[in-house]
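Reader: I'm in my first year and still learning to read protein models. Could you take me slowly through one part of this one, the packing of its helices and the core around them?

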Amino acid sequence: MLNNDDLIYVKPRTDLVEILRRKGITDRRVLEAIGRVPRHFFVEPALRMYAYEDRPLPIGEGQTISQPFTVAYQTQLLDVKPGMKVLEIGTGSGYQSAVLMELGAKLYTVERIRSLLEETRKRFERLGYRPEFTAHADGYEGLPHFAPFDRIIVTAAAPEIPVNLLRQLTANGKTVIPVGKNTQIMMRIIRQPDNTFVKEVFDRFTFVPMLRGKK
Ligand code: SAH
């Protein structure tokens, strides 16, 4: 239920969707999902006025909520259908998670920083988002107990493609991951039924690093 406070964000959110469309996002379901997620609840109150600008914002612990364009771009490449099992590495604020759940994903999400994950679990609860599983763990390991996944999305910069993750894909499963040290190339890797992998490369982005271990 929207209250007056939230109503003031409806127009900025509609405008953001239009900006993303002009920047080249074409998938109507992705645009509609972004049009439904209240991004102002994924940032601290002092930053709410910037929540619908197309830029990343700090979420504490030196991390950021991804830029809406980046979220839309990765989500479009991921090609999620309702009911698919999706693994996300790098829960952060939970904004990308919410977009995936709006698309009907059964979401499994992993975050290495406990304090961020705890905040985000409460946020999901308040907003009525129900991920299948949230884990405080090192995403380099994936979630072997829950594998295989139809889709895997990594929202932090991997220095190279983590092979552990690729092993947790279904046949025809897809991974979208930014790969590189200083800046990253967005890659999509598709597992073929014969267990080979096809790699596609897209545009350049800048992400916070994917780090090892938990905190
Ligand atoms: N999807 C998030 C983006 C957050 S930034 C959002 O929409 O807000 C990337 C996140 O990845 C950070 O929270 C960071 O702590 C986390 N991260 C980095 N390395 C990780 C790893 N090995 N395992 C799990 N999470 C990781």
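Author: Happy to; we will start with two helix pairs, move on to the core, and finish with a few loop and strand residues.

Please keep in mind that this is a predicted model. A handy idea to begin with is that two packed helices are described by the angle between their axes and the distance between the axes.

Let's take helix H2 and helix H3 as our opening pair. Their axes come within 9 Å and cross at roughly 155°. An angle over 145° counts as roughly antiparallel, and H2 and H3 are therefore roughly antiparallel to each other. The crossing of H2 and H3 is right-handed. To find the contact in your viewer, select Arg13, Leu16, Val17, Leu20 and Arg21 on H2, which meet Leu31, Ile34, Gly35 and Arg36 on H3. Sorted by character, the residues of this contact comprise 5 nonpolar, 1 polar and 3 charged.

Now stay with H3, residues 28-36, and look at its packing with helix H5, residues 95-102: the angle is about 120° and the axes are 9 Å apart. That angle makes H3 oblique to H5. The crossing of H3 and H5 is right-handed. On the H3 side the contact is made by Ala33, Ile34 and Arg36, and on the H5 side by Tyr95, Val99 and Glu102. Of the residues in the contact of H3 with H5, 4 are nonpolar, none is polar and 2 are charged. Notice that Ile34 appears in the contact with H2 and again in the contact with H5.

That brings us to the core. In soluble globular proteins, nonpolar side chains tend to be buried together. Here the largest nonpolar core has 45 residues, and those with the most contacts inside it are Leu20, Ile25, Ile34, Val86, Tyr95 and Leu100. You have already met Leu20 in the H2 contact with H3, and Tyr95 in the H5 contact with H3. At least two residues of this core come from each of H2 (10-22), H3, strand S1 (57-60), helix H4 (68-78), H5 and helix H6 (114-127). H4 gives the most to this core, with 6 residues.

Val86 is a good place to zoom in. Leaving aside residues up to four places away in sequence, Val86 touches Leu78, Val80, Leu100, Ala105, Lys106, Leu107, Tyr108, Phe149, Arg151 and Ile153. There is also a second, separate core of 21 residues, which includes Leu87, Ala135, Leu165 and Met187.

Finally, some backbone details. Most residues other than glycine have a negative phi, and most peptide bonds are trans. Asp79 has a positive phi, near 60°, and is found in the loop between H4 and strand S3 (85-89). With 23% relative accessibility, Asp79 counts as partly exposed. Asn195 has a positive phi too, about 70°, in the loop between strand S8 (184-191) and strand S9 (197-205). The peptide bond between Ala147 and Pro148 is cis, with omega about 5°. Pro148 lies in the loop between strand S5 (133-136) and strand S6 (149-154). Among the residues that Thr170 touches are Pro148 and Phe149. Thr170 sits in strand S7, residues 169-179, and at 18% relative accessibility counts as buried.

Note on methods. Residues are numbered from 1 along each chain as its sequence is written. This is a predicted model: local features need pLDDT of at least 70, side-chain atom pairs count only at pLDDT 80 or more; totals for chains, interfaces and linings use all residues. Side-chain values use heavy atoms; hydrogens and water are left out. Axes are lines fitted to C-alpha atoms, for helices over the stretch in contact, and angles run from 0 to 180 degrees between N-to-C directions. Helices (H or I, at least four residues) and strands (E, at least two) are DSSP runs, numbered from the N terminus. Angles under 35 degrees count as roughly parallel, over 145 as roughly antiparallel, 65 to 115 as roughly perpendicular and the rest as oblique. A crossing is left-handed if the near helix is turned anticlockwise from the far one by less than a right angle, and right-handed if clockwise. Contact means heavy atoms within 4.5 Å. Ala, Val, Leu, Ile, Met, Phe, Trp, Tyr, Cys and Pro count as nonpolar, Asp, Glu, Lys and Arg as charged, and the others, Gly among them, as polar. A nonpolar core is a set of buried Ala, Val, Leu, Ile, Met, Phe, Trp, Tyr and Cys residues joined through side-chain atoms within 4.5 Å. Buried means under 20% relative accessible area, exposed over 50%, partly exposed in between (1.4 Å probe, protein chains only).
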